[in-house]
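The following paragraphs lead through a single protein chain, from its overall build to its aromatic residues.

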Amino acid sequence: MEKLSFRVLFFRHYDRRIADGTITFSKIGISKNDFTRLCTEADFVPDMESVERACRAMKLTEEETAAMLGAAAESACGQ
């Protein structure tokens, strides 16, 4: 099974949490600039602090958080 990129994982969780009202953009913990880059640059990953804040804000499970952090670290190493 192919590993999902950070961007794919982020938007999968983000879209679901926005739709169900768990979060709002202002509570996500990612700057507007970084969010714009996530939308427009396939390989962009925010700094790990922002990724961790986003995971907490989205109330991800331990497994979801681990997958997001792993994808972020893997993407950052590939840049």
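A contact means that heavy atoms lie within 4.5 Å. Among contacts in the chain between residues at least 6 apart in sequence, 63% join residues at least 24 apart. The model is predicted, with local features needing pLDDT of at least 70 and side-chain atom pairs counting only at pLDDT 80 or more, while totals for chains, interfaces and linings use all residues. Residues are numbered from 1 along each chain as its sequence is written, and side-chain values use heavy atoms, leaving out hydrogens and water.

The chain contains four helices and zero strands; helices (H or I, at least four residues) and strands (E, at least two) are DSSP runs, numbered from the N terminus. Along its principal axes, the C-alpha trace spans about 35 × 25 × 20 Å. Buried residues, those under 20% relative accessible area (exposed being over 50%, partly exposed in between, with a 1.4 Å probe and protein chains only), make up 34% of the 79 residues.

Attention now turns to the aromatic rings. Rings of Phe, Tyr and Trp (its six-membered ring) pair if their centres lie within 6.5 Å; planes under 30 degrees apart count as stacked, over 60 as edge-to-face and the rest as tilted. This rule gives eight aromatic pairs. In one of them, Phe11 and Tyr14 meet edge-to-face, at 6.2 Å centre to centre and 90° between the planes. Because these residues are three apart in helix H1 (residues 6–20), about one helical turn separates Phe11 and Tyr14. Phe11 also forms an edge-to-face pair with Phe35, at 5.7 Å and 70°. This pair links distant parts of the chain, 24 residues apart: Phe11 lies in helix H1 and Phe35 in helix H2 (residues 32–40). Both Phe11 and Phe35 are buried.
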